[in-house]
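Morning, everyone. Let's walk through one model and look at how its helices and strands pack. Have the structure open as I go.

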Amino acid sequence: MILKPTRLLLAMTALIAAPVFAQNAATVNGKPIPAAKVDQAVKQIVAQGRATDSPQLRDMVKKELIGREVLIQEADKQGVGGRADVKAAVDNARQSIIINAMLADYVKKNPVKDAEIKAEYDKAKAQAPEKEYHARHILVEKEEDAKAIITKLKGGAKFEELAKQSKDGTAQNGGDLGWADPRGFVPEFSKAMTSLQKGAITDTPVKTQFGFHIIKLEDVRPVQVPPLDQVKQQVAESLQQKKLAEFRESLLKKAKVQ
């Protein structure tokens, strides 16, 4: 069969256009949405563990991209992108994206080594306290109020009930401070707490920068440092953040800031 010139031209045009069409997932008012854009979005979703690659996911992503294109076209018609506040927001977003990409490259080129993780773990283990304390407290502004509470406690009142008048966030849970390293408290509080026997309450109010405390020691236990394999990821992330902070500081030192 011999095609007529007109039909031959149409057939050649179709062959040439077909690959171009295949490269686009859709067109919106003449504006193409590349299939590669769908692929990229799907890869990101799959990499984040939010879904697996499937026709349903790709259709959902395609619809989302079409919706976004419709909206951006309308925004362009209204000149929204030309507003000063929008330009500033776009510039900030651009900076964040570029900076994050650069930092991600830095992390790849400067990975945290196992030896660094082990050294950091050993250091933290050596500095860990021997004991941790489970205490409750009641915080009030005036010393006379603290003394009155101590009198009520000696008379048999329940600590958890009186703790409802505490001036901090522990009022709702009976003054419970949970298990903690004594070094995490201000010195006056820590000294008073660690001098108590299990189940005892301070005889006199403990003054700190926050006010006056009545402290009850619930329990004491030896600190159990988790094995390295259980905290390796957290240690690695901490060291990674430290490396990034040092990198940033090194750039700041080199910069000429006026």
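I will take two helix pairs, then a sheet and the helices on it. Keep in mind that this is a predicted model.

Start with the helices. Two packed helices are described by the angle between their axes and the distance between the axes. So I will give you both each time.

First pair: helix H2, residues 35-47, and helix H3, residues 55-77. Their axes come within 10 Å. They cross at roughly 120 degrees. That angle makes H2 oblique to H3. The crossing of H2 past H3 is right-handed.

Which residues in H2 and H3 meet? From H2, we have Lys37, Val38, Asp39, Ala41, Val42, Ile45 and Val46. From H3, the partners are Leu57, Arg58, Val61 and Leu65. Sort the contact of H2 with H3 by class and you get eight nonpolar residues, three charged and no polar.

Second pair: helix H5, residues 114-127, with helix H9, residues 228-254. Here the axes come within 9 Å and cross at roughly 105 degrees. H5 and H9 are therefore roughly perpendicular to each other; the range for that term is 65 to 115 degrees.

On the H5 side, the contact uses Asp114, Glu116, Ile117, Lys118, Glu120 and Tyr121. On the H9 side, look for Leu228, Val231, Lys232, Val235, Ala236, Leu239 and Lys243. The class split for H5 with H9 is seven nonpolar, six charged and no polar.

Now the sheet. Strands of a sheet pair through backbone hydrogen bonds, either parallel or antiparallel. How many strands form this open sheet, and in what order? Four, running S4-S3-S6-S5, with antiparallel pairing. The edges are S4, at 176-180, and S5, at 206-208. Each edge strand pairs on one side only. On average, neighbouring strands are turned by 40 degrees against each other, ignoring direction.

Look at S3, residues 131-140, beside S6, residues 211-222. These two strands pair in the antiparallel sense over ten bridges. One bridge to find on screen: histidine 137 has isoleucine 215 in S6 as its partner.

Two helices pack on this sheet. Helix H6, residues 143-154, touches S3 and S6. The direction of H6 makes about 45 degrees with that of S6. Helix H8, residues 187-194, touches S3, S4, S5 and S6. Against S5, the direction of H8 makes about 160 degrees.

That is the tour. Questions, please.

Notes:
Residues numbered from 1 in each chain as written. Predicted model: local features only at pLDDT ≥ 70, side-chain atom pairs only at ≥ 80, totals over all residues. Heavy atoms only, no water. Axes fitted to C-alpha atoms, helices over the stretch in contact; angles between N-to-C directions. Parallel < 35°, antiparallel > 145°, perpendicular 65-115°, else oblique. Left-handed = near helix turned anticlockwise from the far one by under 90°. Contact = heavy atoms within 4.5 Å. Nonpolar A, V, L, I, M, F, W, Y, C, P; charged D, E, K, R; others polar. Pairing = 2+ DSSP bridges.
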